[in-house]
Amino acid sequence: MAFAIEEINRNTELLPHTTLGYEIFDSCGVPSEGLKGAFNLLMEKGKNAPNSTCAGVPSVPVIVGDGASSQSIAVSRLVAPFTIGLVSYFASCSCLSNKSEFPTFLRTIPSDIVQMKALVRLIHHFEWTWIGAVAEDNDYGRSGMRSLIEEAAKFEICIAYIEFLLPGRTRQRVSQVAKTIRTSSAKVLIIFCGESDAMSLVNELRMQNITDIQLIASEAWVTSFQPWRAETVDILSGTIGFGIRRAEIPGLREFLVKLHPSTAPDNPFVEELWGQVFGCIISSSNQNLKENLSGIPYKPCTGSENLETVESAYSDVSQLRVSYNVYKAVYAIAHALQNLQSCENGKGPFVNNTCGRKSKVLSWQLLHYLKDVRFSNHFGEEVSFDNNGDPIASYDLINWQKRPDGSVDFVKVGYYDEALPKGEELELDESGIVWHRAALQNKVPLSMCRKSCLAGTRKAVRKGQPVCCFDCLPCADGEISNETGSIECIKCPSDYWSNEPRNQCIPKEIEFLSFQDSMGITLTAISVLGACITGAIAAVFLHFINTPIVKANNSELSFLLLISLILCFLCSIAFIGQPSPWSCMVRHTAFGVSFALCLSCILSKTLVVLMAFKATLPGSDVMKWFGPKQQRSIVFICALIQVITCVIWLLTSPPLPTKNTKYQNAKIILECGVGSTVAYCSVFGYIGLLGCICLILALLARKLPDRFNEAKLITFSMLIFFAVWVTFIPAYVSQPGKYTVAVEVFAILASSFGLLFCIFFSKCYIILLKPEENTKKHAIAKNFLKYFQSSDLLQIFPAAGAFSFNISYFSSCTCLSDKREFPTFFRTIPSDSVQIKALVKLIQHFRWTWGGVVARDNEYGRFGIIVLVEEIAKFETCIAFAEFISPVGTAKRMPQVVETI
């Protein structure tokens, strides 16, 4: 400060007619001493400056200081009521920016808020998310920690611990703080303390052998040589932190080294400086300086000591940082005073545009100009204060590097300038940084509670722990994270799915029953095989078209049925391949029409078989209603109904391709939507209706005796048809994707093969392997079988399926009169029912009301007894007993019957 004032006094352009004076008080780093010095400055003590313009001034108009935040807070509160400006060069506490509490405070050092922004930006740049902090337990430390917490939260940086060093720095407390550092997993530590507290903590870290911590220094000690010693190199090497901008002030070293007790006999600082630098005492009367810190007595000074001949921290001007702030503070006051004195009357800033007093400067007027001061100094730096009294913030990033001789070198490896655009304030030269020795290969050390989650995972905060302590959970299916440290996973678009590492959305696999699939190839081959087999059967029937077995089964309907079965086989191919609008419409309509035509043919054949045997009685004309034209009409009408339904379906709401992701999210199942559910159910329902009618009619006609009767074959074929499609329903519902289509194709093929083999296999067997049974002579020879007993005829009749009618001359059983069961039976003997009526008439004539009956235990005897009971009940005649004689065991049974009689 003295150098700057003398430099200004020599300057002919700055305050040319004014000489500045000063008075210096040492606060000794204690707020009470700072207040004492402020009181001395405020009170007139009769020690006026030589310049007469200062005579009679009771107080100074402005104060430079104090260096520490706590002292500056105390002094500022004292001088604020007097509107005396206080310009600090090292008090960085953010609390001092509060103008309602400290209205006259200004400073040339940036606020700790800016320092914390710079530190957090630095920490964020190196991806340190888990840090510790140690601070002084005073206004400077606590305000700094509040700013650190606020800024760290913006970048999701977690603070593992915050420890405060109490005034006095007891060994026990420092040891506790060191233990916390040792047990924590945080490997980056901010020491937000002054020089002495930082030294105490570093010494304790050395004693506890804690050497794996990367230190970050605050601006209070980042350029201090005092902590660096041989035993602390392992701890301090690689330390980084933001320091105040450095400047080389020309002439300052020469000014410092020419200081001598002879030129400043009343300066108490000189005596203390001589004791520290030369180890001697100037005046034996100064009891405070009789021995050094080691307890060794000082020797008397000779007077020949010269500061220029020794190297000391006092004369070292290589790190002029705090001194540069003092230099700027003095020049700011000088420029403010210059502006006050250069004010023109009528253009002043005060009431009625008046100017301030120029001879006897008033503190509040000088403070007004000081707040508005703005100038560029010799080094090209702009000096000014904002509304909070803070300067334009800028820092140098300092890295502690060990020189070859073992001393420390404060290397500038970057800077932070708040005046730069947002996001560009921090500039680093990472290649020039030397990290703590614990960092392998001089790589950036790691400090995190948990390593960043890799791509494909997301953070999941642990309950009750900071956000930096988290678990990494893999993204769910269909979600990805393509960056490390993702908080949330991103859901893939509807047509995309996550890959296996969950770090990229890939197009979903498209699934459908393809012709290239083994399943598709198999089903296609079976479909073609079925069509070929059906064609072969049609060729056999065409070759043997004039044989009885082909004629007996209506060859026209048989060929139409075979054609429809070929269509059924071929329509299944439409279900294979990638669905398209045309394939979707063809597959459902072709299936519906083909099966409707097939079942219509079966229905017509079954009706013809059933009606043919109803028309075997003489004079019956039933068959005129079921001739070839009527048969064709039945097939046409039944198929036409299905065709009309399909046409309406296609015109109103046709089946179209749809993308189904309901069953498998990772796949897009290409399938054919049904369009109209009503139409879809109508087509299938109509096929089921035709099938039911065919089954019922076939069951009614299954026992008709024609050798070539198809009723039983149709019955079996329809049972297989229904078994396949009833089984198909649960399989269709339970099989997603292409397997649904495969099940449907299988059902079509199975039911088609069932109809083909059940109806035509036996016929082809007779035509090809038993040609002797496929003759007219063989059929007619079986038409005239005579049996003398009714029981024998009843046993033989079901097997005699080759004859058209049968005539008996002695089978009198009443049961044979049932035309539903024996439609082709005729006889020349009366029925037993007539004989029973004659017997009952005879019994009535002789008035026999009590009689017994003995009959053979067969159809002849049992049916006779039934008719006898019915007839005799009409005439109030009673039957005493009825005994049956079995064809087997007659000798044993006869005595029992005789005994009953």
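Visitor: Is Asn-209 buried or exposed in this model?

Guide: In this predicted model, a residue counts as exposed when its relative accessible area is over 50%. Asn-209 counts as exposed because its relative accessibility is 61%. Asn-209 belongs to the loop between helix 7 (195-207) and strand 7 (214-217).

Visitor: Which residues gather in a patch of negative charge on the surface?

Guide: The patch consists of Glu-424, Glu-427, Asp-429 and Glu-430. Glu-430 sits in the loop between strand 15 (426-428) and strand 16 (457-461), and with a relative accessible area of 40% Glu-430 is partly exposed.

Visitor: How should a salt bridge be read, and how many salt bridges are there?

Guide: Side chains of opposite charge can pair when their charged atoms come close. The count here comes to 25 salt bridges. One of them joins the side chains of Lys-459 and Glu-156, at 3.9 Å from N to O. Lys-459 lies in strand 16 and Glu-156 in the loop between helix 5 (139-154) and strand 5 (158-165), so this pair ties together parts that are 303 residues apart in sequence.

Visitor: Where do Lys-667 and Glu-511 lie in the chain?

Guide: Lys-667 and Glu-511 form a salt bridge whose closest N and O atoms are 3.0 Å apart. Lys-667 is in strand 24 (residues 667-672) and Glu-511 in strand 22 (residues 509-511), so the pair links distant parts of the chain, 156 residues apart. Both residues of this pair, Lys-667 and Glu-511, are buried.

Visitor: Which residues are joined into one network by salt bridges that share partners?

Guide: The network contains Arg-245, Arg-321, Asp-396 and Lys-412. Within this group, Asp-396 and Arg-245 meet in a salt bridge of 2.9 Å, N to O.

Technical notes: Residues are numbered from 1 along each chain as its sequence is written. This is a predicted model: local features need pLDDT of at least 70, side-chain atom pairs count only at pLDDT 80 or more; totals for chains, interfaces and linings use all residues. Side-chain values use heavy atoms; hydrogens and water are left out. Helices (H or I, at least four residues) and strands (E, at least two) are DSSP runs, numbered from the N terminus. Buried means under 20% relative accessible area, exposed over 50%, partly exposed in between (1.4 Å probe, protein chains only). Patches are made of residues with over 30% relative accessible area and no salt bridge: like charges are joined within 9 Å, nonpolar side chains (Val, Leu, Ile, Met, Phe, Trp, Tyr) within 5 Å. Accessible areas come from the Shrake-Rupley method with a 1.4 Å probe; for residues, only the protein chains shown count as cover. A salt bridge is a side-chain nitrogen of Lys or Arg within 4 Å of a carboxyl oxygen of Asp or Glu. Lys and Arg count as positive and Asp and Glu as negative; His and the chain ends are not counted. The place of a charge is taken as NZ of Lys, CZ of Arg, CG of Asp or CD of Glu.
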